[in-house]
Amino acid sequence: MAAKRSARRQRRYTAAVNYCSACGKPVARKVPPGDDRERFVCGHCGVIHYQNPKVVAGCLPICGDRVLLCQRGIEPRKGYWTLPAGFLEAGETIAAGAERETREEALAQVSIIGLYTVFNVPHISQVHMFFRATLDSGQFGVGAESLDARLVAERDVPWDELAFPVVSRTLAHYFRDRGEGHFPVRVEDVPPLRQGKPAPG
Ligand SMILES: [Zn+2]
């Protein structure tokens, strides 16, 4: 029973693969020898197409008592506010990825202070990681994938217009932790949003 449930879960969380990326022939779902779950396996050359979670790396850029937010210029959640973050590139460290995304989305140079929040988002096979960082010069701009960028104080955070729960939680933790001067790394799980309801801010 447990194995069946687990197979269903995995099917839901993997993308369909039709053709082998190595030889172009059709693939089929099967459990490879020694494995415990279905994979897309090429019937011609035997290549197994593993699918593993993607990592999203981002920054919480801090400048005095304000933090830097970007307004998304692309879907999903276009027009909503977010922290600069994006998919890690191959060959990149998570800190370098977080810095790069901050340069791209907010034209801002930051110095990483340390890892702050880690979110498992298993229903979309992602792991999100945010670093606290200082905005070195206080200078920033609006990157190609953003509509706007602003330094905001706690009282000005647009809580109802934040793009994703991982952003809301990171900001909420930060303003609470700042009061105590202690910033422990937090690891949390993000459940799927309920259908038919707007995403919480
Ligand atoms: Zn093949």
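Two strands are taken to pair if DSSP finds at least two bridges between them. In this predicted model, strand 4 (54-63) makes a good starting point. Strand 4 and strand 9 (126-135) pair in the parallel sense, and nine bridges hold this pairing. A handy place to look at the pairing is Val56, which stands opposite His128 of strand 9.

Strand 4 also takes part in antiparallel pairings. With strand 7, which covers residues 85-87, strand 4 shares three bridges and runs antiparallel. Here Ala57 has Gly86 of strand 7 as its bridge partner. Strand 5 (66-72) is likewise antiparallel to strand 4, and two bridges join them. Ile62 of strand 4 faces its counterpart across this pairing, standing opposite Val67 in strand 5. The two strands make up a hairpin, with two residues between them. One feature of the turn is easy to find in the backbone: Gly64 has a positive phi of about 65°.

The strands lead naturally to the interior. The largest nonpolar core has 35 residues, and those with the most contacts inside it are Cys59, Leu60, Leu68, Leu83, Phe130, Phe131 and Val167. At least two residues of this core come from each of strand 4, strand 5, helix 2 (94-106), strand 8 (110-121), strand 9 and helix 3 (165-180). Strand 9 gives the most, with five residues. Leu83 offers a good view of how these parts meet. Leaving aside its neighbours within four places in sequence, Leu83 is in contact with Gly58, Cys59, Leu60, Leu69, Phe130, Val167 and Thr170.

Two of those partners, Val167 and Thr170, are among the buried residues of helix 3. The others buried in this helix are Val166, Leu171 and Tyr174. Seen down the axis of helix 3, the buried residues fall within an arc of 125°, so they line one face of the helix. These buried residues pack against strand 4, strand 5, strand 6 (81-82), strand 8 and strand 9. The face turned away from the buried side carries the exposed residues Arg176, Gly179 and Glu180.

The length of helix 3 can be checked too. Its 16 residues, at 1.5 Å a residue, should span 22 Å, and the end C-alpha atoms are 23 Å apart, which agrees. After helix 3 comes Gly181, whose phi is positive, near 65°.

Notes: Residues numbered from 1 in each chain as written. Predicted model: local features only at pLDDT ≥ 70, side-chain atom pairs only at ≥ 80, totals over all residues. Core = buried A, V, L, I, M, F, W, Y, C linked by C-beta atoms within 7 Å. Buried ≥ 20, exposed ≤ 12 C-beta atoms within 10 Å, placed from the backbone. Helix = DSSP H or I, 4+ residues; strand = E, 2+ residues; numbered from the N terminus. Contact = placed C-beta atoms within 7 Å. Expected span 1.5 Å × (residues − 1). Arc of directions from axis to C-beta.
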